[in-house]
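Dear colleague,

I am passing on a structure to you, together with some notes on its core and on the empty spaces in it. Please have the sequence and the coordinates open while you read on.

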Amino acid sequence: MAGKQQELKSVISVYGKADGSLDTLAKKIKSFGDNVSKIGGAMTMMTAPIIATLKTSTSLYTDYDDILRKIQAAGNYSPKQMQTIGDAARQAGADTRYMASDAASAFLSLTQAGVQLENSLDTLPTLLNAAAGNMDLAAASDLLISNVYSLGKAFEKNDVAAYMDKVVTAADASNTNVQEMMEGVSKIGAAGRLFAGGDSELLAFLGMLANLNMKGTTGGINARNMIISLLAPTKKAATLINSLEISEEELDETLEGIDLKSASAAMEKMGLETVDATGKVRPMVDILTDLKNATDGMADDEKANVLYSVFGKRT
């Protein structure tokens with residue numbers, strides 16, 4: 001069985017043999033998020049004196065000045081504010097392996113995204129920690145912006161720091177890295193808000209998909225397709241999906257090959273509930289457990305037909 005259907009079967013099958021690994025990972029991440037502390041080994045601030053001489057080159061200073069001019073134009077900042085930004089970028093260049101121009105590029109991305117000056121200054125150290133020399137700083141900034149806005153979060157110091165701590169913890173606990181985890185969240189987009197346990201459950205789920213070698217954008221696409229496919233046939237979930245910033249094209253792509261009436265009938269026959277009595281989405285771990293239990297006694301052909309009805313067929 002090819003494509004999405006096979007991938008979904010793999011998730012359900014492995015979950016059934018993993019002794020509640022998704023639930024365990026979700027609880028671990030949730031616990032970490034509730035007791036936010038500084039990451040030690042997972043994120044390391046690095047210094048790189050060997051690049052000090054490179055920082056004095058005329059071309060690098062030219063690039064740096066160009067970026068600062070773009071920041072000033074994008075944020076309409078005063079000379080005093082620009083001095084603060086420049087000081088922060090140069091300090092980042094002195095304290096880490098990144099150059100001042102790298103930090104300035106990250107700041108430019110934040111400014112262009114409409115992040116307020118104070119929040120941008122607070123976010124820069126978080127980006128430096130999360131990237132830890134393994135990511136391009138501007139790319140890390142773009143991913144963080146995408147993650148924060150997709151999940152409907154506020155771009156504030158404590159919220160961003162707590163979120164990135166969860167991302168690092170989830171990546172460290174699974175077969176992936178921070179960049180791939182953030183790429184997955186960016187790809188799932190606003191559909192990530194449908195997860196009952198919030199970003200903790202979403203990150204735990206992406207971690208589990210990564211352990212099945214569905215990483216980065218692939219994991220995000222699968223997570224998005226899975227939750228929308230499970231919710232779309234239910235009347236209560238329609239308003240939830242409609243409230244998200246999901247384009248008709250994305251929705252059509254996700255639901256390709258799915259007959260919503262057949263999917264609804266199959267789910268009703270199994271007694272599979274994806275939304276509780278209050279209209280809230282149930283935890284994904286509970287939905288998948290119920291789906292696994294409902295299909296355990298089925299012959300392979302019957303199970304394949306049920307999964308096809310619910311999830312459609314992708315090649």
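I71 touches N76, Y77, M82, I85, A104, F107, L108 and T111, if residues up to four places away in sequence are left out of the count. Please keep in mind that this is a predicted model. I71 also belongs to the largest nonpolar core, which has 79 residues, and together with L144 and M164 it is one of those with the most contacts inside that core.

As for enclosed space, a search of the whole structure turned up one cavity of 30 Å³ or more, and the volume of the largest cavity comes to about 50 Å³. Its lining is made up of T176, E180, M181, G184, L206, A210, M214, K215, G216 and G219, which by class are four nonpolar, four polar and two charged residues. Three helices, α9 (178–188), α10 (198–211) and α11 (216–231), each supply at least two residues of this lining, and α9 gives the most to it, with three residues.

Turning to the open spaces, the second largest pocket has a volume of about 240 Å³ and is lined by 13 residues, among which T234, S264, L272, E273 and T274 lie nearest its centre. Helix α14 (residues 260–270) accounts for the largest share of that lining, namely three residues, while by class the lining of the second largest pocket divides into five nonpolar, four polar and four charged residues.

With best regards

Technical notes. Residues are numbered from 1 along each chain as its sequence is written. This is a predicted model: local features need pLDDT of at least 70, side-chain atom pairs count only at pLDDT 80 or more; totals for chains, interfaces and linings use all residues. Side-chain values use heavy atoms; hydrogens and water are left out. On a 1 Å grid over the protein atoms alone, a cavity is a set of points where a 1.4 Å probe fits but cannot get out, and a pocket is an open set with protein on both sides within 12 Å along at least five of seven lines; lining residues have an atom within 4 Å of a point. Grid points are joined across faces, edges and corners, and a volume is the space filled by probe spheres set on the points. Helices (H or I, at least four residues) and strands (E, at least two) are DSSP runs, numbered from the N terminus. Ala, Val, Leu, Ile, Met, Phe, Trp, Tyr, Cys and Pro count as nonpolar, Asp, Glu, Lys and Arg as charged, and the others, Gly among them, as polar. A nonpolar core is a set of buried Ala, Val, Leu, Ile, Met, Phe, Trp, Tyr and Cys residues joined through side-chain atoms within 4.5 Å. Buried means under 20% relative accessible area, exposed over 50%, partly exposed in between (1.4 Å probe, protein chains only). Contact means heavy atoms within 4.5 Å.
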